[in-house]
Amino acid sequence: MLRGAALRVTRPRLAVLSALHNHPHADTDSIIAVVRKDLGEVSHQAVYDVLRALTAAGLVRRFQPKGSVARYEVRVGDNHHHVVCRSCGAIADVDCTVGYTPCLTAADDAGYEIDEAEVIYWGRCPDCAAASSAASGG
């Protein structure tokens, strides 16, 4: 992946990619913790630099739900969306419509050639919804 994106293969880049494959939607602090378990001491700046390079190369996607820190994932290029639990903060992928993609058809595109849409759905995950239902006796 790295060579295909014209990036040098380094231990920090491999460690960050591995962390993101195993922990989708991770924030920077979580990625740093996983990378440190793998490599030992690594600076915050090194991980930030790797994330910036991987994002710029299109190997990683960065998204930031309202009121949250930035999150990263390796699922790129398919215009999927996310759903975020208002209670616990869990995040899951939501596939865009296959074939015709209504999310890419804006009511007024202002002359832009739209090739991606970022949609974030909000609600409660199944666990939080069940816990709330159980607590209310329903």
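Trainee: Let's start with the helices. How do H1 and H3 stand to each other?

Mentor: Two packed helices are described by the angle between their axes and the distance between the axes. Keep in mind that we're looking at a predicted model. Here the axes of helix H1 (residues 11–22) and helix H3 (residues 44–56) come within 10 Å and cross at roughly 75°. An angle from 65 to 115 degrees counts as roughly perpendicular, so H1 and H3 are roughly perpendicular to each other.

Trainee: Which residues of H1 and H3 make the contact?

Mentor: From H1, click on Pro12, Arg13, Val16, Leu17 and Leu20. From H3, the contact residues are Val47, Val50, Leu51, Ala53 and Leu54.

Trainee: How do the residues of that contact divide into nonpolar, polar and charged?

Mentor: Nine of the residues in the contact of H1 with H3 are nonpolar, none is polar and one is charged.

Trainee: Let me zoom out for a moment. How many helices and strands does the chain have?

Mentor: You'll find four helices and six strands in the chain. Walking from the N terminus, the elements come in the order α-β-α-α-β-β-β-β-β-α. The C-alpha trace spans about 50 × 45 × 25 Å along its principal axes. Of the chain's 138 residues, 30% count as buried. And if you take contacts between residues at least 6 apart in sequence, 47% of them join residues at least 24 apart.

Trainee: On to the sheets. In what order do the strands of the sheet with E1 come?

Mentor: When you read a sheet, go for strand order and pairing sense, then check the edges. This one is an open sheet of three strands in the order E1-E3-E2, with antiparallel pairing. Strand E1 (26–27) and strand E2 (61–63) stand at the edges with a single partner strand each, so one side of each has no neighbour in the sheet. E1 pairs with strand E3 (residues 71–73) in the antiparallel sense over two bridges, and you can see Ala26 standing opposite Tyr72 in E3.

Trainee: What about the sheet with E4: what is its strand order, and what is the pairing?

Mentor: The general point to have in mind first: in a regular strand the side chains alternate between the two faces of the sheet. In this structure, three strands form a second open sheet in the order E5-E4-E6, and the pairing is mixed. E5 and E6 are at the edges, each with a single partner strand, so one side of each is left without a neighbour in the sheet. Ignoring direction, neighbouring strands of this sheet are turned by 25° against each other on average.

Trainee: How do E4 and E5 pair, and over how many bridges?

Mentor: Strand E4 (residues 81–85) and strand E5 (residues 91–94) pair in the antiparallel sense over four bridges. Look for His82 opposite Asp93 in E5, and for Val83 opposite Ala92 in E5. The two strands form a hairpin with five residues between them, and Gly89 in the turn has a positive phi of about 85°.

Trainee: Which residue other than glycine has a positive phi near 60°?

Mentor: That's Ala6, with phi near 60°. Ala6 sits in the segment before H1 and counts as exposed, at 69% relative accessibility. Ala110 is another non-glycine residue with a positive phi, near 55°. You'll find Ala110 in the loop between E5 and strand E6 (120–123), and at 59% relative accessibility Ala110 is exposed as well.

Trainee: Last one, on the cysteines. How many disulfides does the count come to?

Mentor: A disulfide is a covalent bond between the sulfur atoms of two cysteines. The cut-off to apply is a pair of cysteine sulfur atoms within 2.5 Å, and by that rule the count is zero. Take Cys85: the closest cysteine sulfur, in Cys128, is 3.7 Å from its own, too far for a bond. Cys125 is in no disulfide either, and the nearest cysteine sulfur, again that of Cys128, is 3.6 Å away.

Trainee: And is Cys85 buried or exposed?

Mentor: Cys85 counts as buried, because its relative accessibility is 3%. Cys125 is buried too, with a relative accessible area of 16%. The line to hold them against is under 20%.

Methods
Residues numbered from 1 in each chain as written. Predicted model: local features only at pLDDT ≥ 70, side-chain atom pairs only at ≥ 80, totals over all residues. Heavy atoms only, no water. Buried < 20%, exposed > 50% of the residue type's maximum accessible area, 1.4 Å probe, protein only. Pairing = 2+ DSSP bridges. Axes fitted to C-alpha atoms, helices over the stretch in contact; angles between N-to-C directions. Parallel < 35°, antiparallel > 145°, perpendicular 65-115°, else oblique. Contact = heavy atoms within 4.5 Å. Nonpolar A, V, L, I, M, F, W, Y, C, P; charged D, E, K, R; others polar.
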